[in-house]
Amino acid sequence: MTTALRLEKITADNFDAAIGLRVRPDQEHLVAPVVKSLAEAYVNPGTAWPRLILDGDRLVGFLMAFFDIDFTGEGKGTDIRSGLWRLNIAAGEQGRGYGRFAVESVAAEIRRRGGTRLTTTWHPGEDGPEGFYLGLGIRPTGEMSGDQKVGELELD
């Protein structure tokens, strides 16, 4: 990982590169493709925060955060959360700290907006990213969101 890491908004100029980003074939069942995330961002413009992860001018990943959603979806507004919705690190770029940078970037944006915790979900199982998230200090809450485990990181 270099010190030239940055996030960039998705634009007409980088859209094709964004939707061309692929995780390893053995990970495709664990995360939605970028094009689906961008469609979800389009229909959830006040909630979704999609960004490309660049190392210099090289596209290395994609993240999408969510802000201030009613997490349980019951419409009561009693469980408002923000966090990491999607994380796709390009197949040839994994293991270089880009995922950590992505989570730290989302945490920083949540803090900037006044939040105190980051929520994320992941598919359980040996081939899933649980070890990665636990290594960053994210702890399972015991909840499930569909078929995914829910984890949280308290932000100082």
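# Exercises on a predicted fold

**Exercise 1. Which residues of helix α2 are buried, and which elements do they pack against?**

Solution. In helix α2, which spans residues 34-43, the buried residues are V34, S37, L38, E40 and A41. Viewed down the axis of α2, these buried residues fall within an arc of 160°, so they line one face of the helix. Turning to the other side of α2, one finds that Y42 and V43 are exposed. The last step is to ask what the buried residues meet: they pack against α1 (15-20), β2 (48-55), β3 (58-70) and β4 (80-89). Like everything that follows, this description rests on a predicted model.

**Exercise 2. Work out the order of the strands in the open sheet, and find which strands stand at its edges.**

Solution. The open sheet is formed by seven strands, and reading across it gives the order β1-β2-β3-β4-β5-β7-β6, with mixed pairing. At the edges stand β1 (5-8) and β6 (139-145), each with a single partner strand, so one side of each has no neighbour in the sheet. Between neighbouring strands of this sheet the average turn is 30°, direction ignored. Helix α2 packs on the sheet, where it touches β2, β3 and β4, and its direction makes about 35° with that of β3. Helix α3, in turn, lies across β1, β2, β3, β4 and β5 and runs at about 155° to β4.

**Exercise 3. For the pairs β2 with β3, β3 with β4, β4 with β5, and β5 with β7, state the sense of pairing and the number of bridges.**

Solution. It helps to recall that strands of a sheet pair through backbone hydrogen bonds, in either the parallel or the antiparallel sense.

- β2 and β3 are antiparallel and share eight bridges, and one residue pair to look for is L54 with its bridge partner L59 in β3. These two strands form a hairpin with two residues between them, and G56 in the turn has a positive phi of about 70°.
- β3 and β4 also run antiparallel, joined by eight bridges, and here F62 stands opposite N88 in β4.
- β4 and β5 pair in the parallel sense over two bridges; G83 stands opposite T119 in β5, while the bridge partner of L84 in β5 is T120.
- β5 and β7 (residues 148-154) run antiparallel and are joined by six bridges, with T120 finding its bridge partner in G151 of β7.

The parallel pair can then be placed in a wider unit: β4, helix α3 (residues 98-112) and β5 together make a right-handed β-α-β unit.

**Exercise 4. Why can strand β5 be described as largely enclosed, and what does L118 touch?**

Solution. Strand β5 covers residues 117-122, and five of its six residues are buried, so the strand is largely enclosed by the rest of the structure. The largest nonpolar core has 24 residues, and L118 is among those that touch the most other members, together with I53, L63 and L87. At least two residues of this core are supplied by each of β2, β3, β4, α3 and β5, and the largest share, seven residues, comes from α3. Setting aside residues up to four places away in sequence, the contacts of L118 include V103, V106, A107 and I110, and also G151, E152 and L153. Another core, of 11 residues, lies apart from the largest one and has A18, L38, F62 and A90 among its members.

**Exercise 5. Is L5 buried or exposed, and which residues is it in contact with?**

Solution. L5 is found in strand β1. Its relative accessibility is 15%, and because buried means under 20%, L5 counts as buried. Leaving aside neighbours within four places in sequence, L5 is in contact with L54, D55, Y98 and F101. As for R117, the C-alpha atoms of L5 and R117 are 23 Å apart, and the two residues are separated by 112 places in sequence.

**Exercise 6. Where is D68, and what is its phi?**

Solution. D68 has its place in strand β3. Most residues other than glycine have a negative phi. In D68, however, phi is near 55°, a positive value in a residue other than glycine. With a relative accessible area of 56%, D68 is exposed.

Conventions. Residues are numbered from 1 along each chain as its sequence is written. This is a predicted model: local features need pLDDT of at least 70, side-chain atom pairs count only at pLDDT 80 or more; totals for chains, interfaces and linings use all residues. Side-chain values use heavy atoms; hydrogens and water are left out. Buried means under 20% relative accessible area, exposed over 50%, partly exposed in between (1.4 Å probe, protein chains only). Helices (H or I, at least four residues) and strands (E, at least two) are DSSP runs, numbered from the N terminus. The arc is that of the directions from the helix axis to the C-beta atoms. Contact means heavy atoms within 4.5 Å. Two strands pair if DSSP finds at least two bridges between them. A crossover is right-handed if, with the strands pointing away from the viewer, the path from the first strand over the helix to the second runs clockwise. Axes are lines fitted to C-alpha atoms, for helices over the stretch in contact, and angles run from 0 to 180 degrees between N-to-C directions. A nonpolar core is a set of buried Ala, Val, Leu, Ile, Met, Phe, Trp, Tyr and Cys residues joined through side-chain atoms within 4.5 Å.
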